[in-house]
Amino acid sequence: MGTPTPTKVPLYRRLAREPSVDLTVVYASSEGLRTHDAGFGYGVKWDVDLESGYRASFLRRADISPGLGDHFWSVRDTSVVRAIARGRFEVVSLGGYNSLTYFLGAMTQRLSGRALLFREEQTLLDPRSLAKTLVKEAALRALFRQGSALCTSRENRRWFEHYGVPQERLFSASYAVDNETLQADARRLASDRARLRHSFGIADDGGPVILSVCRFVPKKQPLFLLEAFRRVREQTRCTLLIAGSGELEAQMREKVERDAIPDVKFAGFVNRSRIAEAYVAADVFALLSKAHETFGLVVLEAMNFGLPVVVSEKVGCAPDVVANGLNGYVVSHTDPDAAARALCELVADAPRRHAMGQASLKRLESWSLDDEVAGFLHAIATTVGPARWSLAKG
């Protein structure tokens with residue numbers, strides 16, 4: 001359910017090509033197809049095709065529903081009952097749980113006696129209040145008894161285990177990005193790297209470029225990144241390129257001016273058709289979030305461009321794709337000195353930086369959309385049973 005997004009649609013297209021499944025994506029919101037505020041501080045509209053290559057339908061309230069609700073009542077569209085009942089889907093995979101629409105969809109599928117898969121990216125990395133914890137302990141344990149779970153990461157598996165989903169109903173379908181397309185972009189743009197760096201205002205003698213792609217919101221703590229970069233820049237020549245915008249931008253610019261931090265380049269919001277240009281211009285990638293970074297798909301994107309990565313321990317994908325000293329570093333989200341040391345090591349040592357970037361690419365050989373699709377198919381095969389799956393394969 002949810003809304004069309006550039007990070008999810010490649011999976012749907014790949015699943016739609018599988019002859020053993022007949023895929024229909026039901027969207028509760030059309031927000032991803034229209035101008036919307038995704039936390040960038042102003043309205044943006046994705047500039048890539050999000051509708052072709054797979055079958056999709058939209059619920060009745062899709063044009064007025066948000067893409068992601070803040071609370072249970074944010075997304076409430078009762079037409080999901082009719083959509084699932086009429087579709088007679090043998091398996092329904094829900095892309096979340098925290099809305100009335102998801103709840104009605106789950107109950108409709110279960111009342112039909114058919115299989116239900118939960119897919120939710122939450123982790124245990126961020127503690128909740130006592131009240132929320134107590135509510136979730138009761139509600140989620142009851143809800144997850146109704147089906148199986150597709151785990152997006154190691155941390156996400158721990159979350160499902162915490163809420164009582166047994167091992168036999170846990171399936172790995174880890175989040176992935178379109179490695180083939182991103183690596184093709186990297187090869188296509190490699191010879192244009194100097195021009196791209198100039199287009200972002202990076203000087204010829206600007207040194208290695210540290211890139212971060214994020215919204216300027218508290219949970220991403222871009223001010224922490226700026227402080228870490230300030231300490232790195234005091235030791236060696238380098239540039240910080242930040243692709244994004246948001247509510248903290250004014251404070252960030254004030255810090256740059258107040259602390260006289262040189263070589264900080266604000267690229268603004270960079271849309272999907274041009275985001276590869278920022279990755280190609282970079283030498284190191286950083287994501288130093290402090291909370292609710294349940295996965296961090298931008299880390300996988302950066303790795304496709306042969307970049308070593310520095311992430312905080314609050315980034316959900318860190319245990320899965322970042323090996324300390326091999327393809328990057330995992331640092332404390334409260335220690336700017338530790339972040340600066342990791343960044344400085346990569347900035348100052350070109351051979352090490354290159355070797356770790358190649359290790360990022362190597363890691364992706366076993367972390368791809370093909371692996372994510374295989375996880376989905378294994379979950380579907382198990383939930384429908386061997387007889388039905390054999391018929392589908394035949």
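## Second largest pocket

The residues lining the second largest pocket fall into 10 nonpolar, three polar and 10 charged. The model that holds this pocket is predicted. The pocket encloses about 440 Å³ of space. Its lining consists of 23 residues, and Pro6, Pro10, Asp178, Thr181 and Arg272 are the ones nearest the centre.

Three helices, α1 (9-16), α6 (179-189) and α10 (275-281), each give at least two residues to the lining of this pocket. Helix α6 contributes the largest share, five residues.

## Overall form

The protein contains 16 helices and 12 strands. Its C-alpha trace spans about 65 × 45 × 40 Å along the principal axes. Of the 394 residues, 54% are buried.

The radius of gyration is 22 Å, which agrees with the value near 21 Å that a compact globule of 394 residues would have.

## Strands β10, β11 and β12

Strand β11 (residues 309-312) has Val309 and Val311 pointing one way, while Val310 and Ser312 point the other way. All of these residues are buried. The route from β10 to β11 passes through helix α11 (residues 297-303), forming a β-α-β crossover that is right-handed.

Strand β10 (residues 284-287) runs parallel to β11, and three bridges join them. Within this pairing, alanine 286 has valine 310 of β11 as its bridge partner. Strand β11 also pairs with β12 (residues 328-331), again in the parallel sense, over four bridges. Here valine 311 is opposite valine 330 of β12.

## Cavities

Two cavities of 30 Å³ or more are present in the structure. The largest cavity holds about 40 Å³ of space. It is lined by Thr7, Lys8, Leu11, Arg119, Tyr175, Ala176, Leu297 and Glu372. By class, this lining comprises four nonpolar, one polar and three charged residues.

The second largest cavity has a volume of about 30 Å³. Its lining includes Ser212, Cys214, Lys220, Gln221 and Pro222, along with Leu225, Ala286, Leu287, Leu288 and Ser289. Helix α8 (222-233) and strand β10 each provide at least two of the lining residues. Six residues of this lining are nonpolar, three are polar and one is charged. Ala286 thus has two roles in this description: it lines the second largest cavity, and it is the bridge partner of valine 310 in β11.

Notes:
Residues are numbered from 1 along each chain as its sequence is written. This is a predicted model: local features need pLDDT of at least 70, side-chain atom pairs count only at pLDDT 80 or more; totals for chains, interfaces and linings use all residues. Side-chain values use heavy atoms; hydrogens and water are left out. Buried means under 20% relative accessible area, exposed over 50%, partly exposed in between (1.4 Å probe, protein chains only). Two strands pair if DSSP finds at least two bridges between them. A crossover is right-handed if, with the strands pointing away from the viewer, the path from the first strand over the helix to the second runs clockwise. On a 1 Å grid over the protein atoms alone, a cavity is a set of points where a 1.4 Å probe fits but cannot get out, and a pocket is an open set with protein on both sides within 12 Å along at least five of seven lines; lining residues have an atom within 4 Å of a point. Grid points are joined across faces, edges and corners, and a volume is the space filled by probe spheres set on the points. Ala, Val, Leu, Ile, Met, Phe, Trp, Tyr, Cys and Pro count as nonpolar, Asp, Glu, Lys and Arg as charged, and the others, Gly among them, as polar. The radius of gyration is taken over C-alpha atoms; the globule rule is 2.2 Å times the number of residues to the power 0.38.
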